[in-house]
Amino acid sequence: MRECILAVETAHAATPDRELARAVERLSDLYTTGRGALVREQAEASHLAAKREYFLASDAPKVALVLEECAARSGAFARLAESDTVRVTDLGAGVGATSVGFIAWLAEARAARGIALPMRVELHAVELGEPAAHAYEASVKAAAGAAGVQVAIRIEARDFRRVAPAGTDLILCQTAINELLTGPEHERETAQLVHTWARSAPMVVIEPALKTTTRALMALRDTLLALGGAHVVAPCLHQRACPMRAREGDWCHEARRIEPTPRVAAIDRIVGRRDERALYAFLATAPGQGPASAPASPGHAADIAAELPAGVPSNLVRLVTDTLGSRGKTERLVCRADGELHLMRLLDREVRDGNRAFLDDERGSVRAIEPMPANDRITPDTSVR
Ligand SMILES: C[S@@+](CC[C@H](N)C(=O)[O-])C[C@H]1O[C@@H](n2cnc3c(N)ncnc32)[C@H](O)[C@@H]1O
């Protein structure tokens, strides 16, 4: 994966570091607090430079991480790495971070499965901005060259709301949906649009990890499930209503450590950015009825296991917060395979090698807890794998 991203970084490197750092700071501010201005300034040269030369290197690995998790959970995603031709639709493709992430994942996934390259990827990118579309082509060609993948690129300068993806094996859309979710009426329209995508092919939507954008994605997930015709592959371990929506202060996102590229590290030093974790929220779905969810249970592992469909281990949880440390103990919210949210805890004096993952693992990790404690307390005898 890293070679692909480094190849794209080299292909795009043009802006002096200090100038790029200023552009990165401006765009970061807009991403977090000035999202209205973001849409208006979309095509500014400095923003495009920041996207091409900085944000691409941190956004591409997010796609690869999501796809690897989906391929481990769903045949529909695993097959993408196994066929010799894959057709991918990238909606709101920008400067190419998402397609680069796909190519990087594909090369790595095939190598891990012992499948020889070459293979062919047919990319259909839909992008309204012309300068971004130019950069898209350069990004994808550099990544494909480094990965040894053949690509055929079709870029359509259209509003993706007018495109009905057909004959595609995968739909990707990274940080473009939130620009549409700007009020109840738009939320309904967006849900209908995304529902059409979700029913036509495996789909991955990635959004910024901000509270507002993530909670909108969580609501969209529940609406899609209610509409039917598709199921959730990840991040959730269940098809029930999202339990994190109940409390306004909760939002389900990932925080993954990604080794920064040399250029990104240099810019981070200038802007004084320290957190190297990639933060993002995502939703992956596949068409059709998924595995049934476990019914809500009183919390006893044996009871859950008795009602779970085959193949869904009852003791799986997703760590949906960072560690919440307090005197003598660490707590974390976990979202369980039965769709229940639990605040689990581990006392400092009861930390052992077998349960230390509860403290160390990244937000978003999926772990098996054995045996599942009825009182949510992890003990020295509990294994967290
Ligand atoms: C924040 S950028 C993200 C780009 C890319 N997906 C990535 O992850 O790097 C959002 C992109 O979506 C494009 N976009 C937003 N709304 C769109 C629409 N309705 N149709 C086509 N493109 C759109 C914008 O032009 C912009 O390039």
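This report describes selected local features of a predicted model, from the ligand shell through helix packing and strand pairing to unusual backbone geometry.

## Surroundings of the ligand

Twenty residues is a count that includes every neighbour of the ligand, and among these 20 residues the ones that come nearest are Gly92, Gly94, Ala97, Gln174 and Ala176. Sorted by class, the shell around the ligand is made up of eight nonpolar residues, seven polar residues and five charged residues.

Threonine 175 deserves separate mention for its backbone, since its phi is positive, at about 45 degrees, although the residue is not a glycine. Threonine 175 sits in the loop that runs between strand S4 (170-174) and helix H8 (184-200). With 20 other C-beta atoms within 10 Å, threonine 175 is classed as buried, because 20 or more such neighbours is the cut-off for that class.

## Packing of helices H6 and H7

Helix H6, covering residues 97-112, packs with helix H7, covering residues 130-147, at an angle of about 10 degrees, and the two axes are 9 Å apart. The two helices are therefore roughly parallel to each other, because angles under 35 degrees are counted in that way. By class, the contact of H6 with H7 has eight nonpolar and two polar residues, and no charged residues.

On the H6 side the residues in this contact are Ser99, Val100, Ile103, Ala104 and Ala107, and they meet Ser139, Val140, Ala143, Ala144 and Ala147 of H7.

## Strand S9 and its two partners

Strand S9 (residues 316-319) pairs with strand S13 (residues 366-370) in the antiparallel sense, over three bridges. S9 also pairs with S11, again in the antiparallel sense and over three bridges.

Arginine 318 takes part in both pairings: its bridge partner in S13 is valine 366, while in S11 the residue that arginine 318 stands opposite is cysteine 335.

## Arginine 332 in strand S11

Arginine 332 belongs to strand S11, which spans residues 329-336. Is this charged residue buried or exposed? Arginine 332 counts as buried, because 22 C-beta neighbours lie inside 10 Å, and the cut-off for a buried residue is 20 or more.

Leaving aside residues up to four places away in sequence, arginine 332 touches Leu319, Thr321, Thr323, Leu324, Met344 and Phe358. Leucine 346 is 14 residues from arginine 332 along the chain, and the C-alpha atoms of these two residues are separated by 8.9 Å.

## Cis peptide bonds and a second positive phi

Two cis peptide bonds that precede proline can be described here. One joins alanine 234 and proline 235, with omega about 5 degrees, and proline 235 has its place in the loop between strand S6 (230-234) and strand S7 (254-257). The other runs from glutamate 370 to proline 371, with omega near -10 degrees, and proline 371 is in the loop between S13 and strand S14 (377-378).

The loop between S13 and S14 also holds aspartate 376, a residue other than glycine whose phi is positive, near 65 degrees. Aspartate 376 is partly exposed, because 14 other C-beta atoms lie within 10 Å of its own, a number that falls between the cut-offs of 12 or fewer for exposed and 20 or more for buried.

Conventions:
Residues are numbered from 1 along each chain as its sequence is written. This is a predicted model: local features need pLDDT of at least 70, side-chain atom pairs count only at pLDDT 80 or more; totals for chains, interfaces and linings use all residues. A residue is near a molecule or strand if its C-beta atom, placed from the backbone, lies within 6 Å of it. Ala, Val, Leu, Ile, Met, Phe, Trp, Tyr, Cys and Pro count as nonpolar, Asp, Glu, Lys and Arg as charged, and the others, Gly among them, as polar. Helices (H or I, at least four residues) and strands (E, at least two) are DSSP runs, numbered from the N terminus. Two residues are in contact if their C-beta atoms, placed from the backbone, lie within 7 Å. Axes are lines fitted to C-alpha atoms, for helices over the stretch in contact, and angles run from 0 to 180 degrees between N-to-C directions. Angles under 35 degrees count as roughly parallel, over 145 as roughly antiparallel, 65 to 115 as roughly perpendicular and the rest as oblique. Two strands pair if DSSP finds at least two bridges between them.
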